[in-house]
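Me: Please pick out the greasy spot on the outside of this model and take me through it closely. I would also like to see what sits around it.

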Amino acid sequence: MEETTPLLLNHLLLTGKLHTYLADLNEQAQSRCWCLVHQMAENESVTEDLKRQSQWERFDFSREQCP
């Protein structure tokens with residue numbers, strides 16, 4: 001942020017909203033990542049049996065749907 005949007009960074013620092021802004025950004029990134037993994041699994045026809053045989057079982061694909 002310091003290099004790309006210094007005015008926004010300064011504003012967030014001065015108003016005490018930097019932590020909230022970064023936490024929201026992190027939540028959005030995690031949601032986007034989960035959505036991409038879910039879409040990739042669907043595109044590759046990942047089944048429950050395949051998930052049991054591999055590392056995929058650490059992802060819970062039933063928890064929510066992508067927007």
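Reply: What follows looks at the nonpolar surface patch, then at the helix that gives the largest share of it.

First, the ground rules. This is a predicted model, in which local features need pLDDT of at least 70 and side-chain atom pairs count only at pLDDT 80 or more, while totals for chains, interfaces and linings use all residues. Residues are numbered from 1 along each chain as its sequence is written, and side-chain values use heavy atoms, with hydrogens and water left out.

Now the setting. The protein has three helices and zero strands, in the order α-α-α along the sequence. Helices and strands here are DSSP runs, numbered from the N terminus (helices: H or I, at least four residues; strands: E, at least two). Buried residues make up 15% of the 67 residues. Buried means under 20% relative accessible area, exposed means over 50%, and partly exposed is in between (1.4 Å probe, protein chains only). The protein exposes about 5800 Å², with 52% of it from carbon and sulfur atoms. Areas come from the Shrake-Rupley method with a 1.4 Å probe, and for residues only the protein chains shown count as cover.

The patch itself covers about 380 Å². Met1, Leu8, Tyr21, Leu22 and Leu25 make it. To qualify, a residue needs over 30% relative accessible area and no salt bridge; nonpolar side chains (Val, Leu, Ile, Met, Phe, Trp, Tyr) are then joined within 5 Å, and like charges within 9 Å. A salt bridge is a side-chain nitrogen of Lys or Arg within 4 Å of a carboxyl oxygen of Asp or Glu.

Helix 2, residues 18-43, supplies three residues, the largest share. Tyr21 sits in helix 2. Tyr21 passes the accessibility cut because its relative accessible area is 32%, over the 30% required. That value makes Tyr21 partly exposed. Leu8 lies in helix 1, residues 6-15. Leu8 passes because its relative accessibility is 31%, again over 30%. Leu8 is partly exposed too.

How do these residues meet? Contact means heavy atoms within 4.5 Å. Leaving out residues up to four places away in sequence, Leu8 touches Met1 and Tyr21. With that same exclusion, Tyr21 touches Met1, Leu8 and Leu12. Two C-alpha distances add detail. Tyr21 and Leu9 are 12 residues apart along the chain and 9.9 Å apart in space. Leu8 and Leu18 are 10 residues apart in sequence, with 9.4 Å between their C-alpha atoms.

Turn next to helix 2 as a whole. Its 26 residues reach 37 Å from first C-alpha to last, close to the 38 Å expected at 1.5 Å a residue. The expected span is 1.5 Å times one less than the number of residues. An α-helix has 3.6 residues a turn, so residues three or four places apart point the same way. The buried residues of helix 2 are Leu18, Trp34, Cys35, Val37, His38 and Ala41. They pack against helix 1. Just after helix 2, Ser45 takes a positive phi of about 55 degrees.

One last point concerns the cysteines. A disulfide is a pair of cysteine sulfur atoms within 2.5 Å, and the count is zero. Cys33 is in no disulfide; its nearest cysteine sulfur, on Cys35, is 9.9 Å away. Cys33 is partly exposed at 45% relative accessibility, whereas Cys35 is buried.
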